[in-house]
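This report introduces the structure shown below. Attention is given to pairs of charged side chains and to one helix.

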Amino acid sequence: MPGGRLSHQDRLEIAAGLADGLGYAEIARQLDRPTSTVSREIARNGGPTGYRADHAHYATASRARRRRSTPTPADGWADEWTGAARRAYVERFATMMVDGGLPRMASRVLALLYTSDTRTLTAADLVRTLRVSPASISKAIGYLERVGMVFREPDPVRRMQHYVIAEDVWLKAWEISARTNHNWAETAAEGVDLVGRDTPAGERLTQMAEFFERLSEDMSGGAGFQDCLAVLAVAWEPDRAAELAAQLGWPIERVTDAVGYAIKASAQESAEQPTRQAAVREA
């Protein structure tokens with residue numbers, strides 16, 4: 001049903017396609033859906049590396065409930081931001097996010113969206129309130145969409161886009177920070193390989209690589225979390241899905257999604273860990 005809403009099974013197939021390395025067009029063909037539907041679904045629910053079928057299904061249902069109950073913001077929305085104190089707070093909020101690693105304009109847009117009394121803002125709202133060019137807003141929104149922190153909704157009446165903060169925006173920020181730390185570790189390890197571990201530069205780079213790798217692992221859940229995933233993946237018995245769902249009070253799909261994530265994450269960790277350790281310790 002190309003024009004209908006994505007079902008939970010559709011989202012499970014999208015997740016499976018991403019795990020198999022399929023492109024958006026191929027996944028869309030298998031679902032008999034437009035490629036744009038699949039790309040928007042993935043972009044607003046974690047991106048190709050963070051897409052989780054169960055999370056996407058519940059988040060979409062929640063957004064639909066909010067859309068039915070939230071009025072469209074009035075054109076005079078920006079009047080509430082004329083106060084110097086409130087505007088200054090938004091800038092301080094943005095500066096805090098810049099210190100955490102987000103680009104400056106993306107931080108200002110996110111701060112404004114997060115502190116607004118309305119659920120959504122348009123590009124015109126953002127341009128008028130932040131007093132910047134439309135191109136700056138477009139670039140900032142593009143970044144926030146790519147990392148899954150903001151998504152867009154079409155206006156049902158007027159030809160414009162509304163921008164909305166993702167429900168798990170701070171989880172996304174945490175994931176971005178964890179990925180940044182991992183990139184620091186990998187870059188430092190490459191430097192060790194280049195200059196040699198026994199050189200003064202190699203010693204500094206080795207310390208840097210080990211520090212950021214530990215920090216990245218801790219932010220991603222740490223060794224204990226990975227061990228839990230590994231145990232769950234090995235001990236999982238499919239015929240107990242209904243029993244576990246009843247004990248947890250979850251839908252059975254949530255249980256199977258969780259186990260699927262554990263199996264995938266455990267396998268990925270097992271494959272990547274030797275490479276990461278070798279880059280740091282054997283260079």
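## Salt bridges

The count of salt bridges comes to nine. The structure is a predicted model. Side chains of opposite charge can pair when their charged atoms come close.

## Links to helix H1

One of these pairs joins Arg33 and Asp10, whose closest N and O atoms are 3.0 Å apart. Arg33 sits in the loop between helix H2 (24-31) and helix H3 (35-43), whereas Asp10 belongs to helix H1 (residues 8-19); the pair thus links distant parts of the chain, 23 residues apart. Both Arg33 and Asp10 are buried.

A salt bridge also forms between the side chains of Glu41 and Arg11, at 2.8 Å from N to O. Because Glu41 lies in helix H3 and Arg11 in helix H1, this pair ties together parts that are 30 residues apart in sequence. Glu41 is buried, its relative accessible area being 6%, and Arg11 is buried as well, at 4%.

## Further charged contacts

Arg152 and Glu145 form a salt bridge in which the closest N and O atoms are 2.7 Å apart. Arg152 counts as partly exposed, with 31% relative accessibility, while Glu145 counts as buried at 18%. In addition, a network of salt bridges links Glu91, Arg104 and Arg108.

## Helix H7

Helix H7 (residues 104-115) has 12 residues and should span 16 Å at 1.5 Å a residue; its end C-alpha atoms are 17 Å apart, which agrees. Of its 12 residues, 10 are buried, so H7 is largely enclosed by the rest of the structure. Among the buried residues are Met105, Arg108, Leu112 and Thr115.

Conventions. Residues are numbered from 1 along each chain as its sequence is written. This is a predicted model: local features need pLDDT of at least 70, side-chain atom pairs count only at pLDDT 80 or more; totals for chains, interfaces and linings use all residues. Side-chain values use heavy atoms; hydrogens and water are left out. Helices (H or I, at least four residues) and strands (E, at least two) are DSSP runs, numbered from the N terminus. The expected span of a helix is 1.5 Å times one less than its number of residues. Buried means under 20% relative accessible area, exposed over 50%, partly exposed in between (1.4 Å probe, protein chains only). A salt bridge is a side-chain nitrogen of Lys or Arg within 4 Å of a carboxyl oxygen of Asp or Glu.
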